[in-house]
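Trainee: I've got a model to look at and I'm not sure where to begin. Can we go through the ligand site together?

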Amino acid sequence: MKNNSQKINTIGIITSGGDAPGMNACIRALTRTALFHNMNVIGFKQGYNGLIENNTVFLDSKKVGNIIQRGGTILKTARSEEFRTFEGRKKAFENLKLNNVDALVAIGGDGTFTGADIFNREFDFPIIGIPGTIDNDLFGTDNTIGYDTALNTVVSAVDKIRDTASSHGRLFVIEVMGKDAGLIALRSGISTGAEAILIPETTTYIDHLLNKLCKDRANKKPSGIIIVAEGDDFGGAYNVAKAVKEDHPLYDIRVTVLGHIQRGGSPSAFDRVLASQLGYGAIKALINGDKNAMIGIINKEYVLTPFDQAIKHNNKINMSLLELAEVLAC
Ligand code: F6P
């Protein structure tokens, strides 16, 4: 992972994949740390598409001012189809050379790092990845940029829904994002006192849920919240609601799919600090000669994890939290 041969004069930055709150704070930290070390900074717009189309913007201290609090990404983002092809990656490499870019920093999630890994193997171009995704599904960091904000967005939405659930005596089945990971579901479920939490990391036994709801009704508890991760093996909130209705026709059930409100909004203080630390750390890592790895923070320490390890989807679920959630929902 070391690259001792070359001084870095110019870095390129992309944000790629799904946007996540805190990406702008990270662009700011990268730019200002790089400028502090006398580097030039070029942003490429719309993820890997910006490399392929040579869609650039020079970043200076002013251009990244007043963005730390903004959601989304000033560099825009995309899930690039063309970068999946060798021809696309070759164009990207040629444009990096054309702009005299010595190293690239890619802020994104597993799709971004899969691309970075392939690109690096083909063209031996130095890249550092920064984990930016609301899903928190990357191995090699305790938290990804955007996860904390998304979690708080879900909690605030579910709290509001809870008001209606209890006023009307309704059962709400609420679907949250996370792709094939249940981290948003688990922590938001605990934070909102959900009656049940269904996540992809464990098999969903619908009978288990139905029995629990039976007990709740026997205890004269007509309202409730079930949080379902979008990747759950039972197939999402509508399927769960249908199964519950068939078994408990008396329940007044509503489904809410929270959707993309989870990706937007002003980043939390936690995400702003994390993004600043990771941006700063990424430049330090490049100066140190590191490359082709994702920088993360584990137990307050910077850690570099090779791309192919970071995207291994290692299960980050703390099973004792699931048990805790069940006990507290009794
Ligand atoms: O990876 C972030 C994420 O929001 C996932 O939670 C979700 O499955 C996916 O992106 C949605 O992607 P899109 O915005 O392309 O529909």
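Trainee: How do the residues of the shell around the ligand divide into nonpolar, polar and charged?

Mentor: Heads up, this is a predicted model: local features need pLDDT of at least 70, side-chain atom pairs count only at pLDDT 80 or more, and totals for chains, interfaces and linings use all residues. Residues are numbered from 1 along each chain as its sequence is written, and side-chain values use heavy atoms, leaving out hydrogens and water. Asp, Glu, Lys and Arg count as charged, Ala, Val, Leu, Ile, Met, Phe, Trp, Tyr, Cys and Pro as nonpolar, and the others, Gly among them, as polar. The shell then comes out as two nonpolar, three polar and five charged.

Trainee: Which side chain has a polar atom 2.5 Å from an oxygen atom of the ligand?

Mentor: Let's go through some polar contacts, meaning pairs of N or O atoms within 3.5 Å. Gly178 uses a backbone N or O atom, 3.1 Å from a ligand oxygen, and a side-chain N or O atom of Arg79 is 2.9 Å from one. The one you're after, at 2.5 Å, is Glu230.

Trainee: Where does the ligand lie relative to domain 1 and domain 2?

Mentor: The bounds, from an automatic or database domain assignment, are 10-146 + 267-310 for domain 1 and 148-263 for domain 2. Both domains give residues to the shell around the ligand, so the ligand lies between domain 1 and domain 2.

Notes: A polar contact is a pair of N or O atoms within 3.5 Å; within protein, one must be able to donate a hydrogen and the other to accept it, and residues adjacent in sequence count only if both atoms are side-chain atoms.
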